[in-house]
Amino acid sequence: MSIYTRTGDTGTTAYLGGGRAEKSSLRICAYGEVDELNSFIGAAIATEPTEFEREILETIQETLFAIGGRLASPNPEKVAKVLEKARVEQAAVDHLERRIDAADAELEPLKSFIAPGGCPKAASLQVARGVCRRAERSVAKLHEAEPVDPVILKYLNRLSDLLFTLARLANRELNIPDKIW
């Protein structure tokens with residue numbers, strides 16, 4: 001199978017389950033930004049220290065693949081078997097919340113805004129946080145036009161909070177103080 005098909009050369013792409021859409025459509029943009037977020041999570045994993053929060057970040061990547069699959073399927077009943085493993089449930093949101101609470105308990109309480117940066121791992125997580133916010137806005141925009149599973153919106157909202165908290169935690173691990181704004 002070739003990596004290129006030439007079918008998208010005119011600005012359209014195929015949906016999972018059939019049909020085509022403009023690459024600029026709300027749905028294509030939404031799952032494209034989730035895919036971009038997944039790439040930035042991968043970059044954060046690869047940034048030293050590579051073992052810092054690796055397990056949760058890899059779990060997040062799996063969930064983002066599931067979200068992408070859900071968003072790429074305007075007719076999920078057509079591809080129900082394929083989407084069987086692409087479930088996104090409230091338990092995933094709850095898991096993020098528990099991890100946020102645990103990390104937050106290790107950090108000084110926030111009293112003002114902090115500037116992104118610090119160690120490379122923290123900076124990478126902050127970039128992923130910004131991309132997550134953009135993906136969330138794109139999915140919300142899609143949801144205005146056609147229904148999106150509300151758990152997906154919740155997940156992306158909590159994920160940006162977790163990425164922010166993990167960035168702060170990465171800096172604390174290396175004794176780099178938050179840069180207060």
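The legends below describe close-up views of one predicted model. In this predicted model, local features are reported only at pLDDT of at least 70 and side-chain atom pairs only at pLDDT 80 or more, whereas totals for chains, interfaces and linings use all residues. Residues are numbered from 1 along each chain as its sequence is written, and side-chain values rest on heavy atoms, with hydrogens and water left out.

**View 1. The largest pocket and its lining.** The largest pocket has a volume of about 260 Å³, where a pocket is an open set of points on a 1 Å grid over the protein atoms alone at which a 1.4 Å probe fits, with protein on both sides within 12 Å along at least five of seven lines. The volume is the space filled by probe spheres set on the points, which are joined across faces, edges and corners. Its lining, meaning residues with an atom within 4 Å of a point, consists of 15 residues, of which Y31, G32, D35, G68 and A72 lie nearest the centre. At least two lining residues come from each of β1 (12-14), α1 (26-46) and α2 (54-71), and α1 gives the largest share, with 5 residues; helices (H or I, at least four residues) and strands (E, at least two) are DSSP runs numbered from the N terminus. By class the lining holds 8 nonpolar, 6 polar and 1 charged residues, with Ala, Val, Leu, Ile, Met, Phe, Trp, Tyr, Cys and Pro taken as nonpolar, Asp, Glu, Lys and Arg as charged, and the others, Gly among them, as polar.

**View 2. Helix α1 and its partner residue Q61 in α2.** The 21 residues of α1 reach 30 Å from first C-alpha to last, close to the 30 Å expected at 1.5 Å a residue, the expected span being 1.5 Å times one less than the number of residues. Among the buried residues of α1 are Y31, V34, L37, N38, I41 and I45; buried means under 20% relative accessible area, exposed over 50%, and partly exposed in between (1.4 Å probe, protein chains only). The elements that cover these buried residues include β1, β2 (20-22), α2, α5 (120-145) and α6. Q61, in helix α2, is itself buried at a relative accessible area of 19%, and it touches N38, I41, G42 and I45, not counting residues up to four places away in sequence; contact means heavy atoms within 4.5 Å.

**View 3. The loop between α1 and α2.** A cis peptide bond, with omega of about -5 degrees, joins E48 and P49, and P49 belongs to this loop. The loop also holds E53, which has a positive phi of about 55 degrees although it is not a glycine. E53 counts as buried, at 18% relative accessibility.

**View 4. Helix α6 and its two ends.** The 24 residues of α6 (residues 150-173) should span 34 Å at 1.5 Å a residue, and the end C-alpha atoms are indeed 34 Å apart. At the N-terminal end D149 caps the helix, with a side-chain oxygen 3.0 Å from the backbone nitrogen of V151. Just after α6, N175 takes a positive phi of about 60 degrees; N175 lies in the loop between α6 and β4 (179-180) and counts as exposed, at 70% relative accessibility.

**View 5. R129 in helix α5.** R129 counts as partly exposed, at 22% relative accessibility. Leaving aside neighbours within four places in sequence, R129 is in contact with P116, S160, L163 and F164.

Note on methods. Polar contact = N/O pair within 3.5 Å; in protein donor to acceptor, adjacent residues only side chain to side chain.
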